[in-house]
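Reader: I am new to this structure and would like a close look at a single part of it, explained step by step.

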Amino acid sequence: ALFRADSSSSSYYYLPLATQLTTPRLVGFLEVVSREPTLVQTLGSTLMASSKVLRQPNVLPHYDASQQSFEIASTGSPPLLCVAEKCGPYPHTHMAALQLLYRITVLAQSLDNNTNSDLIWSTLLTDNDELAMTICAQFLLTINDLRPTTKAKTKTAEQDEFDNITSPLVRHVLLETLLQQLDDDDTEESSSDYAKSVLVAMQIPSICLSLWTNPHLQNLAFTFVSNILAHDEELAVLFVEQKSTLQSLFDMLSSSSDQATTTSEDSNNNDIRGVVAHILQSLAESGVLTKAVTKFGLKSAAISALAKACTQENSSTTDDAVATSATLSARCMECLVDLLLKHNSNSNSTTISILESDAQVIAKCLGSKICHMVLTRFLERAKLSSAYDDHIADDDDICDAPYVLLLVSMAQHKSALDIMLELGGISALVMVAGEGHVPAVRALLKHADTFSSDILHADGHGQLYKLFNNNENESITPLETRVAAMELLAHLSSSHKDKKMMTNDDDVLETVTYALHCIGALDIIIKADDDDDESEETMEESAEEEEEEPDLKEEEPVNDDESEESEEEEEVPVPSAPVVVVTRRKKKQEAPPTSPADWMKPPPLPPPAKQQQQTTTKKTTKVKTKEQTEAENTKVREKQETQLKYASLTFLSNLVPLCLDRLQDCCSNLVPIVHELSKNEAFELPALSFLQSLAPFATTRLTTTTTTTTTVTIDTDVLATVFLEALNTNKKKNSSSSSSLASKLVATRGLAILILDISNTTLQQQVVRAVVSLFQTNVKKCAVQRADNNNKNKNNADRTLLAQLTYHLVMMMRQVMAVQRTILTETDLLVSMVHLIEWRYDSRSTGTNNNNTEKEQFLYWNGAVSQVLSHLTTVIQYVPETTQQTLSTNTVLVMARPGKAPRKTSNLLTSLERIITENTTTTSSSSDASAVLAARHLVTVLTK
């Protein structure tokens with residue numbers, strides 16, 4: 001009747017707590033209950049019997065499943081029977097008993113300094129500390145099930161009272177009791193294990209975390225969680241058992257920064273965030289956080305919360321507050337890195353995989369701070385290095401710093417790099433790349449097309465040059481790093497706008513000589529100065545070692561296999577850094593390193609002994625596994641060496657012409673060596689590009705003076721022979737047509753520079769005939785219509801190269817018309833030129849459209865046709881009239897069509913009339929006046 005609005009009614013009505021407290025019967029009710037300890041004990045036993053986490057009523061499972069469970073002490077009275085029938089407004093008797101216990105504790109806690117209330121609590125929480133802890137934990141776990149339910153969509157007054165008044169009252173007492181029991185049990189190991197088992201079984205850490213959003217219980221819950229972690233950090237795993245708990249953890253970490261708080265509240269929020277960060281860091285280090293975040297799909301929420309927490313700063317100026325804020329930021333950043341970190345077993349390195357959307361969030365929240373931290377770290381190291389003039393060993397792991405890993409991971413996405421561009425992101429990334437960090441170099445290479453100018457203005461090329469600088473105090477740069485750095489330098493040097501910036505650095509010469517060494521085109525001569533005492537000592541030591549070697553050989557006999565291996569090892573030259581005389585740096589001759597240099601292949605392993613072949617099957621399997629691993633490593637190494645050589649050739653072709661006059665003591669056989677590389681299909685294009693860049697510096701044998709101060713001698717005829725061989729080379733069927741066309745295009749451009757300076761008349765004629773033959777082949781290809789829609793983009797790219805090559809071939813023929821008129825007026829060549837005109841201006845030929853690739857393609861086709869018309873206009877007067885008549889009407893191109901019958905195009909005169917009409921009727925400024933005038937002249941000559 002105490003909980004009813006009307007005692008005469010049997011139905012249940014909600015009665016507010018404030019009304020209950022004014023009821024005169026309240027004190028009498030609590031006095032009756034306090035005099036009936038059996039009732040309180042029975043309700044406590046019923047609470048334990050209704051537990052959903054205890055498999056047996058009086059047995060508490062040990063937190064370690066391999067250990068024996070604990071027996072729960074008895075309250076002194078048995079639990080009530082659970083009758084599965086409706087009891088008042090409740091579904092069964094146990095729920096009614098739990099509601100009664102909850103109402104009693106609410107009323108008992110609501111009265112201050114009441115003897116009956118204290119007696120009720122002391123009866124429920126017995127003198128047995130372990131039982132009291134179990135009852136408190138079970139009560140905390142059960143309170144959520146006692147919340148009033150309603151069908152209404154809005155929150156009722158009864159539910160609001162439960163959330164803000166009654167449940168905080170009871171939970172406060174229960175948390176205080178648990179906290180006191182936890183502090184008292186730290187001294188005894190058995191009690192500590194029991195307490196830990198209670199916390200694990202009843203999920204108390206998760207409950208405390210859910211209570212942090214309640215302002216009445218936030219401080220107490222925070223203190224309790226802090227003590228739990230101090231008691232045993234392994235309990236942090238309980239925070240990831242449920243999605244809601246983990247989500248609350250991230251919300252608590254980031255929500256405090258958006259609220260306006262006082263100094264004391266801000267300090268409290270920092271303490272709470274610090275504990276949360278500590279929990280997440282413990283979970284991340286053990287790998288539990290990553291699994292839980294992936295399991296519940298909270299990765300984006302975790303990244304956003306951790307990124308925001310890293311930027312939260314304490315408004316207080318005290319040293320403790322600043323230190324707490326810095327620790328919080330560092331922990332959150334480390335946790336963020338651990339969440340994103342992935343270990344690469346192939347390269348024994350760690351990388352970060354991040355989505356573009358997450359990268360944008362981190363860049364917006366942390367971009368400025370990360371860039372500042374990276375640049376500050378390098379600035380501090382530079383100050384220390386200048387002050388102590390020594391390498392700072394503490395910064396050897398700078399690339400493993402969390403903020404560096406985050407910077408590199410964000411830089412993989414262009415949108416994130418755009419955000420950090422104005423924040424110093426490129427400068428910071430360039431500094432990291434200068435440390436030889438391959439992912440940073442790859443990130444810059446990935447976006448070099450967009451940010452090439454920014455990278456160069458941030459001295460990116462200067463940082464990369466240092467990786468190829470032979471500094472005695474630094475270890476040899478790994479091969480993978482040199483490959484990535486050389487590829488980036490090759491890409492940056494292809495920029496026509498800022499290319500000259502790369503030649504102003506002093507280290508460019510050493511990088512160029514290293515690239516020459518990579519392609520085998522450098523004569524390494526190390527000359528020791530007379531006053532270099534260290535080199536003399538080194539030579540004396542090496543001489544002494546040579547004298548001692550015979551004694552060693554006499555004492556230790558070796559077999560034939562080992563002697564052959566030692567001879568092979570002796571023939572391997574000592575790897576030395578390439579010398580650039582211009583820099584005038586003193587180089588001392590060092591003893592051979594204990595391990596072979598990165599660019600040298602290791603000597604072959606000796607054949608296995610006969611005894612090893614008689615081992616068991618298991619051992620044989622292990623040996624094969626090792627051999628397979630070594631073979632795979634060899635393949636990877638060979639691939640990297642190929643990439644390094646390719647990038648070196650590209651880099652040299654872009655920069656050597658700008659600094660050739662500054663190179664001295666360079667290889668005298670540069671052209672033959674690069675020529676040999678061009679015979680390899682993998683290096684053909686960059687090798688020919690390198691030779692093409694050297695073409696303007698070629699001189700004939702009859703020239704007595706040179707225009708450059710370099711000692712490199714490049715003979716025009718020799719270089720022209722190389723290009724001629726490239727034009728005459730026929731690729732295999734399985735080779736790429738694009739690479740073949742690109743190589744021939746480079747060779748054609750190189751010949752265009754040299755052709756008028758070739759001293760050998762026979763060689764010049766061979767070049768012209770090769771050009772004519774290739775032009776005729778191209779005309780036949782252009783008249784073939786392809787219907788392969790699956791590779792449409794590739795076909796367009798190939799035909800664009802074909803159009804460029806045809807245009808340059810026609811330009812070269814026009815260039816040598818005065819000296820090779822006989823070859824250039826042959827009937828076969830003229831017929832091919834007429835076919836090109838007829839194909840391009842046929843009424844049903846493919847024209848240009850809005851596709852940029854096709855626009856570029858037909859731009860070159862139109863240019864080639866215009867030059868062909870000019871050529872025909874020049875030579876038509878030397879052509880016999882019978883040939884003119886044949887060209888004008890009888891020479892008709894037959895076009896092949898896949899799946900259809902071939903068809904004929906219009907004749908030359910009809911095509912010429914169409915040229916005149918199309919270019920004169922249009923008002924566009926893009927009309928070709930040269931083609932119109934040439935067509936008019938040809939029509940006049942052919943129809944006279």
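Where is Gln203 found?

Author: Gln203 is found in the loop that runs between helix H8 (189–201) and helix H9 (204–210), and because this is a predicted model, a word about confidence belongs beside any close reading, since where pLDDT is low, the predicted coordinates should not be read in detail. For the protein the mean pLDDT is 77, with 75% of its residues at 70 or more. Over residues 257–262, however, the pLDDT is below 50, and this stretch has four contacts in the model beyond near neighbours in sequence. Residues 314–325 also stay under 50 in pLDDT, and for them the model has eleven contacts beyond four places in sequence.

To return to the loop, Gln203 is not a glycine, and yet its phi is positive, at about 55°. That deserves attention because most residues other than glycine have a negative phi. As for its surroundings, Gln203 has a relative accessibility of 30%, so the residue counts as partly exposed, given that this class lies between the limits of 20% for buried and 50% for exposed.

A second residue can be set beside it: Asp459, which is not a glycine either, has a positive phi of about 60°. Asp459 lies in the loop between helix H21 (448–457) and helix H22 (460–465), and with a relative accessible area of 31% Asp459 is partly exposed.

Conventions
Residues numbered from 1 in each chain as written. Predicted model: local features only at pLDDT ≥ 70, side-chain atom pairs only at ≥ 80, totals over all residues. Heavy atoms only, no water. pLDDT = per-residue confidence, 0-100. Contact = heavy atoms within 4.5 Å. Helix = DSSP H or I, 4+ residues; strand = E, 2+ residues; numbered from the N terminus. Buried < 20%, exposed > 50% of the residue type's maximum accessible area, 1.4 Å probe, protein only.
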